[in-house]
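Reader: Please show me the model. I have some bench questions about it.

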Amino acid sequence: MKILGIESSCDETATSVVEDGRKVLSNVVASQVEEHKLYGGVVPEIASRRHTEAISQITTQALDEAGVTMDDIDAIAVTAAPGLIGALLVGVNFAKGLSMATGTPLVPVHHLRSHVASNYICSPDLKPPFLALIASGGHSHIVRVDDYTKYTVLGQTRDDAAGECMDKCARVLGLPYPGGKNLDAVSQNGNPKAFAIPHPHVADSEYDFSFSGLKTFVINTVHNMEQKGEEPNVPDMGASVITTVVDCLAGNTEKAALQYGYDNIVLAGGVSANSFLRGRFTSLCKSHSWTLHMPELKYCGDNAAMVAAQGYYEFLSGVRAGPDLNARPTMNIEDAFQV
Ligand code: KG4
Ligand code: ZN
C-alpha cells in the first residue's frame, strides 16, 4: 500500500511516498530556514505563504521521484494538528482538494505521532509496545506507545519545550536560527560543568518537565555578564545548558522505563538530532540492556515520510477524513480525530 504524506505544520513544506509504512520511495523537503533566519525565528505568516508556493510542485516531485502517479496512491496522509494554524491549513486544504479530485481516501495525522513513526522507517522491526521520548520545538513528552494508534502520556513539559528552551538560549548567546542545531554544534568541546545550571524538578509529577526556569537562568546570567563587560564562553555555556536539558529528559525517561518495565526506548522529534542526547541515551540503554531506536538525522526534523508512515497505520485502523476536515493548533496525542 502506497501513501502520499504531506507536512506543513511549521517551517518545512514536505511531501513523500512511503510503501506499507516502512519503505520510503521519495522524501522531498522544501525548507524555509534561510528566510526565517533573517528574523531569528519562524514568522507564521511567511511560513504559510511559502507552503502555498511550494506544495503543488513538491507533491509532483515526490510522485515523480517515487516513480508513481496518483493512480498508484492508496491514501493521502496529512498533518492536521498540532502546529501553526495558518501553516497547517495549507497542507490540509491541499490534501482535501487532491483527495476530492482523485477520489483518494484522506487520513489526518497527529504531528507527534508522525515523529514517533519516523522510527518505523529507520528500525524496520520496531513494533509497539515501547516507551517514547518526543522532544521538539513545541513539545516534550514521555509517552507509552501501546499500539500504533494508542498512546498514553506519562509526562510532559509544564512550560517551555526542550527545543524551545535550547533555541532561546542559543539566541541569547548570539547564535543564528535554527538555535538548537547551532548550539549543539558549537558546544561539542565545551565544559558541561562550567556553569552550575539549576536542575528543575516538578513537584507531584515525577515524569513532567519544566524548562522555563533554566532558560531564564541562562538569559539572566548572560545579561549580567554583559553588563559587567564580560563575555560568556559560548561552548561552555552551551554544553552546560544542553547537558542539563538532557539530564532531565534522560532521567525521567529512565524512571518511566523502570517503573513500567519497558526495554524498547524510542527517541523522536527535532531534538532527537541532538548529539548529547543521542550519546546519553546510547549509554543509558546499554547500561540497562535496553534497545534504543532513534531516527536517522534526516528523519529527526519535520518531514513527510514520517507522516506517510503513521498515515499507513491510521489508515489500517480505519481513520478517514472528509471535506470538512479542519486543522487544529493544539491536540492531545492520545486523542483521535473526530471527523
Ligand atoms: O520536530 P521539529 O523539527 O519541529 C517541531 O515540531 O517543533 O523540532 C524542532 C526543534 C527546534 O527547537 C530545534 O532547535 C530542535 O528541534 N533541534 C535541535 C537540534 N536539531 C533540531 N535541538 C538540539 N540539538 C539539535 N541538534
Ligand atoms: Zn516536528
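Author: Short questions and answers on cysteines, metal and strands follow.

Author: This is a predicted model, where local features need pLDDT of at least 70, side-chain atom pairs count only at pLDDT 80 or more, and totals for chains, interfaces and linings use all residues. Residues are numbered from 1 along each chain as its sequence is written, chains are lettered from A and ligands numbered from 1 in the order in which they are written, and side-chain values use heavy atoms, with hydrogens and water left out.

Reader: How many disulfides does the structure hold?
Author: A disulfide is a pair of cysteine sulfur atoms within 2.5 Å. For cysteine 10, the nearest cysteine sulfur is 16 Å away, in cysteine 300. The sulfur of cysteine 169 is 4.3 Å from that of cysteine 165, too far for a bond. The number of disulfides is zero.

Reader: Is cysteine 169 buried or exposed?
Author: Buried means under 20% relative accessible area, exposed over 50%, partly exposed in between (1.4 Å probe, protein chains only). Cysteine 169 has 0% relative accessibility, so cysteine 169 is buried.

Reader: Which residues coordinate the zinc ion (ligand 2)?
Author: Donors are N, O and S atoms within 2.8 Å of the metal (3.2 Å for Na, K and Ca); water is not among the atoms, so sites may look incomplete. The donor residues are spaced H-x3-H-x186-D in sequence. At 2.0 to 2.1 Å, they are His111 (NE2), His115 (NE2) and Asp302 (OD).

Reader: What is the bridge partner of leucine 4 in β2?
Author: Helices (H or I, at least four residues) and strands (E, at least two) are DSSP runs, numbered from the N terminus. Two strands pair if DSSP finds at least two bridges between them. β1 (residues 2–7) and β2 pair in the antiparallel sense over six bridges. The partner of leucine 4 is valine 17.
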